[in-house]
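Here's a walk through a two-chain model, from one salt bridge out to the interface. Have the sequence and the 3D view open as you read.

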Amino acid sequence: MRHAERAVRRGLRVLDALCARLYGVAWNPIHQSGTVAVAMLLVLIGTGLYLVLFYRVGSPAESVARIAADPYLGSWMRSLHRYSSDLFIVAAAVHMLRMFAQSRSWGPRTMAWISGLTLLGAGIVCAWTGFVMAWDSFGERLARDGARLLDALPIFSEPLSRIFAGDRPVPSAFFFVNLFAHIGIPLAMGVILWVHVSKVARPVLLPPKRLTWSIIGALTVLSIILPAELGPPANALLVRPSTPMNLFAAWWLPVSERLSPATAWGSMIAAAILLASVPLLTRRRREGPLAASVVDPRLCTGCNQCPQDCPWEAITMVERDDDRPTLVALVDPARCVSCGICAGSCAPMGVGPPGRTGRDQLASLREELVTLRETQPVVAICCSQAPVSHVDALRVRGAHVRPVSCVGNLHSSVVELLIRDGVPGVIVCGCPPRDCLSREGPKWLNERLFNEREAELRERVDRRRVRVATLAPGDLSGTVAAYEAFARHLSALDAPVGEPAVEIDLICDPVPIEADA
Amino acid sequence: MTTPALLLRRAPAIAVTAIALAGLAWLSAAPVPLSGAESARLRLSLSARPERIETCRVLSSDELAKLGEHMRQRVECEGKFASYQLRVSVDGSPVHESVVRGAGLRSDRPIYLLEDFSVNPGTRAVHVSFRRREHVEDEDDDSRGQRFGADTGLSMGRAEREDVERARRARAAIPRLLELDTALTFTSGQVIVVTLDPENRALQVLAAAPASR
């Protein structure tokens with residue numbers, strides 16, 4: 001499974017880099033795949049509400065043909081509905097592949113993986129019902145094969161396939177049930193979406209507005225220029241040699257039609273089991289870099305910052321079992337993904353994954369300071385997920401690279417120690433904001449360094465010597481330009497003056513419960 | 001940056017987006033061929049109840065007297081549902097032969113039949129026979145339904161009603177032999193359906209006029 005993860009990761013990196021080059025980091029749709037899927041779901045609901053007003057279960061093919069023939073609104077509204085469903089499936093599949101490639105499919109993310117799979121499956125089934133609603137040759141072909149598969153199960157007393165035999169008209173009740181499913185499934189998807197994001201704090205559901213409207217605009221233009229094709233009306237007494245087929249929702253159909261129902265069901269069930277087993281197959285031992293955060297209750301002041309910053313709602317404040325008048329943080333290891341963001345949020349450095357707390361970061365830095373004092377390089381603190389080529393480019397340009405598991409894990413005291421010790425400048429290089437494996441690393445880093453969010457960079461630190469940059473695959477020139485601009489900016493400043501034996505504040509005042517209230 | 005320069009800089013992104021959108025539109029309605037569509041099909045489709053084959057006995061007055069008044073059914077029948085031998089041949093060559101029973105564990109549910117046979121286009125001699133497999137001794141005896149004595153009390157007229165119901169069920173059931181022997185002209189891709197005409201209790205042929213595909 002690790003080989004598969006690596007292979008998918010390599011493929012996505014290429015796509016990611018291409019999109020970053022074409023659209024820029026902020027507009028990279030690959031980073032927004034999950035939110036694009038949600039946006040498409042909303043477009044589907046909006047256009048679907050319009051279309052259902054003109055749909056007739058008594059004459060499905062005729063009513064859809066009437067909608068498609070309306071040049072003012074109906075035609076492009078129907079096409080936008082169709083293309084949105086296609087993009088929904090593509091975006092959801094890319095999102096799933098990204099989560100798989102980034103090993104974000106196991107442990108605390110298991111529920112999100114399973115619910116995400118369910119959402120994708122429900123989306124595909126909903127798309128099938130939509131195509132059947134149109135009752136053209138493709139809809140009939142889908143309905144016929146779906147009925148053939150369902151007839152293999154002991155559900156219906158009369159085989160569904162007989163509905164489409166051609167010896168009698170297809171009853172309106174069939175189209176009514178189909179319409180009911182087409183409307184009911186998205187409602188269920190809303191509930192599943194809630195489950196999907198229920199374990200994360202501050203879930204981001206939509207892409208940035210400009211990207212959202214650009215995608216909708218592009219699909220609208222496509223709908224006007226190339227309206228979605230409507231096949232010839234269904235006819236049970238005619239087998240057409242070819243059908244205009246939607247390969248997003250029904251890529252399986254040409255294969256399924258050649259298989260016996262038992263083989264088709266067996267293949268589907270095997271695929272579903274394999275996909276649902278991914279959390280089991282990709283899980284790692286919760287040790288080393290994947291160990292859950294721990295709290296040192298002696299250091300915890302009860303300030304309530306780490307629960308606010310944790311992107312996974314894995315930390316709660318509970319009563320202490322000693323006589324100090326404060327609460328104490330408690331990490332739920334079942335929800336903690338070991339991102340280390342809590343370590344960056346804790347002023348007294350009392351919480352974080354083992355080996356990555358603020359104190360651990362300071363201790364390892366102090367060992368490096370002797371070398372740094374001699375060479376006086378610009379220090380680039382880079383996220384360990386950064387592309388190797390970008391990190392090498394910084395090294396080549398003289399930067400001393402110091403890795404960090406996530407920029408959100410970085411404690412501001414590390415930056416303070418570097419600057420006060422006489423390093424000319426520190427550039428912190430994180431992932432693109434919507435591509436952070438820890439979800440909110442770059443956001444909290446900026447807040448802590450420049451907007452006084454706990455644990456803030458102290459006032460005494462010269463902000464002119466601190467910069468934040470983004471390392472995005474496919475944007476090496478952007479990384480180099482940001483570094484070189486920072487280096488030029490530093491060279492215009494006075495030579496840095498290091499303080500002898502820098503002391504960092506390690507103890508904070510406790511925050512009593514009363515004061516917090 | 002001026003608008004033309006901005007457009008020039010964005011040209012690759014615009015071009016790739018346009019290609020991706022065209023790809024989306026094409027994959028949204030890709031013409032996928034259906035294998036075997038060049039031949040025609042003979043479809044056999046029917047649903048009807050199998051015949052109930054019963055052995056009935058008229059209870060004596062003593063036997064009836066031993067029963068509760070509301071249970072005094074004059075005629076007691078035991079039986080089973082018929083099974084049928086289906087044979088289909090095209091141009092004299094058998095293409096299908098099977099035993100067909102009613103659905104359900106006791107075969108007491110209707111028979112649902114849906115079979116497609118691939119046929120080469122052209123005029124074909126089609127023979128379909130649907131024959132009951134069970135033999136019934138006195139099936140042509142018209143007096144079978146007239147052996148009930150007069151009822152009294154709560155059972156007044158019950159035997160007659162049962163008789164009517166039995167006759168109705170027999171009419172709704174598949175006859176002991178359904179047969180179709182005809183020549184049908186198939187065009188490429190055409191589906192001709194052979195089904196049961198419930199009014200005439202005989203097999204009938206349904207076909208759409210050959211249409212452009």
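Let's start with an acidic residue: at 26% relative accessibility, Glu158(A) counts as partly exposed. The scale behind that word is simple: buried means under 20% relative accessible area, exposed means over 50%, and partly exposed is in between, with a 1.4 Å probe and protein chains only.

Before going further, some ground rules. This is a predicted model, where local features need pLDDT of at least 70 and side-chain atom pairs count only at pLDDT 80 or more, while totals for chains, interfaces and linings use all residues. Residues are numbered from 1 along each chain as its sequence is written, chains are lettered from A and ligands numbered from 1 in the order in which they are written, and side-chain values use heavy atoms, with hydrogens and water left out.

**Salt bridges in chain A**

Back to Glu158(A): its side chain meets that of Arg162(A) in a salt bridge, 3.2 Å from N to O. A salt bridge here is a side-chain nitrogen of Lys or Arg within 4 Å of a carboxyl oxygen of Asp or Glu. Arg162(A) counts as buried, at 2% relative accessibility. The pair also belongs to a salt-bridge network that links Glu158(A), Arg162(A), Asp167(A) and Arg168(A).

Over all chains, the rule gives 35 salt bridges. Here are some from chain A:

| Salt bridge | N to O distance |
|---|---|
| Arg162(A) and Glu158(A) | 3.2 Å |
| Asp322(A) and Arg320(A) | 2.9 Å |
| Arg402(A) and Glu368(A) | 2.6 Å |

What does the pair Arg402(A) and Glu368(A) tie together? Arg402(A) lies in strand β7 (residues 400-404) of chain A and Glu368(A) in helix α14 (residues 358-375) of chain A, so the pair ties together parts that are 34 residues apart in sequence. Helices (H or I, at least four residues) and strands (E, at least two) are DSSP runs, numbered from the N terminus. Arg402(A) is buried at 8% relative accessibility, and Glu368(A) is partly exposed at 25%. As for the other pair in the table, Asp322(A) is partly exposed with a relative accessible area of 36%, while Arg320(A) counts as buried at 12%.

**A buried serine**

Ser413(A) sits in helix α16 (residues 412-420) of chain A, and at 6% relative accessibility it counts as buried. Leaving aside residues up to four places away in sequence, Ser413(A) touches Met349(A), Leu362(A) and Ile504(A); contact means heavy atoms within 4.5 Å.

**Chain B**

Now for the other chain. Chain B has three helices and 11 strands, and along the sequence they follow the pattern α-β-β-β-α-β-β-β-β-β-α-β-β-β. Of its 213 residues, 35% are buried. Take the contacts in chain B between residues at least 6 apart in sequence: 71% of them join residues at least 24 apart.

Strand β10(B) is a good place to zoom in. Seven of its seven residues are buried, so β10(B) is largely enclosed by the rest of the structure. β10(B) pairs with β2(B) in the parallel sense over four bridges, and with β11(B) in the antiparallel sense over six; two strands pair if DSSP finds at least two bridges between them. Val194(B) has a partner on each of these strands: Leu44(B) stands opposite Val194(B), and in β11(B) its bridge partner is Val205(B). β10(B) and β11(B) form a hairpin with four residues between them, and Arg201(B) in the turn has a positive phi of about 50 degrees.

**Where the chains meet**

How many residues of each chain are in contact with the other? The count is 38 residues of chain B and 38 residues of chain A. About 3200 Å² is buried between the chains, with carbon and sulfur atoms giving 64% of it; buried area is the accessible area (1.4 Å probe) that two parts lose on being put together, summed over both. Zero salt bridges are found across this interface. α1(B) gives the most to the side of chain B that touches chain A, with 10 residues.

There's strand pairing between the chains too: strand β1 (residues 242-245) of chain A and β1(B) run antiparallel, joined by four bridges. Within that pairing, Thr243(A) has Val32(B) as its bridge partner.
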